Structures are given as structure tokens and as C-alpha cells.
Amino acid sequence: ILATRRNRKDIGQQELAESIEKVILGPERRSRVINENEKKIVAYHEGGHALVAAALPNTDPVHKVTILPRGRALGYTMVLPENDKYSTTRSEMQDQLAYMLGGRAAEEMIFHDPTTGASNDIEKATSVARKMVMQFGMTERLGAIKYGAESGEVFMGRDMGHGREYSEEVASAIDEEVRAFIDVAHHEAYEILAENRDVLDALVGELLEKETLNREEIERIFQPLNRRP
């Protein structure tokens with residue numbers, strides 16, 4: 001038993017973090033070959049996420065940024081909360097939307113030619129914005145009313161054909177409010193990146209060199225960052 005314990009590799013924070021990332025995102029794919037131009041695009045995309053998150057007051061701290069592929073992702077930015085949270089304010093959700101769209105905004109600002117890599121970000125942001133409008137009553141125009149029935153599995157007593165419970169006018173208003181949340185978030189993300197272009201370039205430079213940055217390295221790079229009040 002003692003010999004086994006001596007030969008056994010101790011499990012620390014690094015191994016724990018690796019396990020969590022593997023479950024959430026899939027295995028790391030170092031064998032996947034990415035050309036230099038695409039690697040640069042990924043670096044600016046992930047850098048955009050990280051910088052916008054760090055500049056906004058209601059987002060979680062950035063713990064890791066990497067351009068190493070994992071699962072289907074070519075790179076990823078990890079933000080983690082400092083404390084447990086059980087509710088979310090509208091301001092916090094608006095900042096989350098800007099963070100989600102930071103990668104797309106960075107691609108547009110640097111390359112003037114967005115890629116398909118932002119499709120998952122757009123899907124998540126649209127889902128959050130729609131919930132803000134339809135479930136959480138976070139718009140003055142539509143008020144604190146829940147629109148639409150919960151989706152779920154069909155079972156006895158539930159009508160499979162049960163659909164929308166609001167008019168075409170309300171549906172149009174919902175679409176406009178969702179679009180407004182997305183547009184404001186995208187604009188804020190773009191503004192933050194433009195204000196901090198030198199910091200973004202510095203972050204991308206280190207990402208291309210090291211491929212993965214931890215929280216301490218990110219905080220050092222972000223020291224001159226112009227943060228939103």
C-alpha cells in the first residue's frame with residue numbers, strides 16, 4: 001500500500017481543473033493542426049471575450065484563456081464566480097450579453113470579416129436575451145408578463161399542439177426587444193475593445209506565444225485596462 005501511495009500521482013488543483021474542463025468542453029486536441037491565420041483569429045476572438053468580461057462591473061473574473069482546441073471549440077475563455085449566486089439582475093445579464101458577444105465584436109474590429117466561430121456565442125446570447133424578454137419581464141415595453149408556455153416532453157394530459165399564447169403584434173414586439181438587447185450588448189462590447197485596443201493586442205501577443213494564460217497572467221496584462229463604472 002505504501003509503495004502504491006508513493007507511486008501515485010497526487011491530485012491537485014490543476015488535475016481538478018483539467019477534469020472539469022474535459023467534462024464541460026471535451027478532451028484537449030493538441031493534435032489538431034491550426035494554421036497561423038486561423039490561430040490569430042481565435043486569439044483575438046477569445047481575447048475579445050476576456051477583455052470585455054474584465055472591463056465590465058457585473059461579470060465574473062477571468063480565470064483562463066486558451067487557444068488550444070478542446071472538443072469542438074478552437075479555444076475558450078473561462079470565467080468563474082467568486083461566490084455562490086442565486087439570482088441575477090438585469091444589469092448583470094446585460095453585461096453577460098456583452099461578454100458573450102465580445103469575440104464576435106473583436107473579429108469585426110480586427111479583421112472586418114466575422115467567422116462562423118461565433119455561432120455558439122450568438123445562439124447563447126439570443127437565448128439569454130429572449131429569456132430576459134419572455135420569462136423575466138425585463139423590458140418596460142412588455143412589462144412583467146411571461147410570454148409562452150414552458151417547453152417540455154409530451155405526456156398524458158399535455159397537448160402536443162399547444163403553442164403560442166400571444167398575438168402577432170406581441171410576437172413582433174418580443175423580436176424587437178430581443179434585437180435591442182443584442183444590439184446594445186454588441187455595441188458596448190465593440191466600444192470597450194476599441195477603447196482598449198492596445199491591451200487587446202498585448203493579450204493576443206502573449207496568447208500566440210504561450211497558447212494558455214492563467215488568472216495571474218491575465219490580471220497583469222489587464223492592469224492598464226479602462227474599466228466601465
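Q: Where does Lys-39 sit in this predicted model?
A: Lys-39 is part of helix α3, which covers residues 36-55.

Q: Why is Lys-39 called buried?
A: Its relative accessible area is 18%. Buried means under 20%, so Lys-39 makes the cut.

Q: What is Lys-39 in contact with, leaving aside neighbours within four places in sequence?
A: Lys-39 is in contact with Ile-34, Ile-67, Leu-208 and Glu-211. Glu-211 comes just after α8 and has a positive phi of about 75°.

Q: How do you know that the reach of helix α8 is close to what's expected?
A: Helix α8 (residues 197-210) has 14 residues, and from first C-alpha to last it reaches 20 Å. At 1.5 Å a residue you'd expect 20 Å, so the two agree closely.

Q: Which residues of α8 are buried?
A: They are Val-199, Leu-200, Leu-203, Val-204, Glu-206 and Leu-207.

Q: Why are they said to line one face of the helix?
A: Looking down the axis of α8, the buried residues fall within an arc of 165°, so they line one face. The face turned away from that buried side carries exposed Asp-198 and Glu-209.

Q: What do the buried residues of α8 pack against?
A: Their partners include α3, β1 (62-66) and α7 (168-195).

Q: What makes Leu-207 count as buried?
A: Leu-207, in helix α8, has 0% relative accessibility. The cut-off is under 20%, so Leu-207 is buried. Not counting residues up to four places away in sequence, Leu-207 touches Ala-43, Val-65, Thr-66, Ile-67, Thr-212 and Leu-213.

Definitions and conventions: Residues numbered from 1 in each chain as written. Predicted model: local features only at pLDDT ≥ 70, side-chain atom pairs only at ≥ 80, totals over all residues. Heavy atoms only, no water. Helix = DSSP H or I, 4+ residues; strand = E, 2+ residues; numbered from the N terminus. Buried < 20%, exposed > 50% of the residue type's maximum accessible area, 1.4 Å probe, protein only. Contact = heavy atoms within 4.5 Å. Arc of directions from axis to C-beta.
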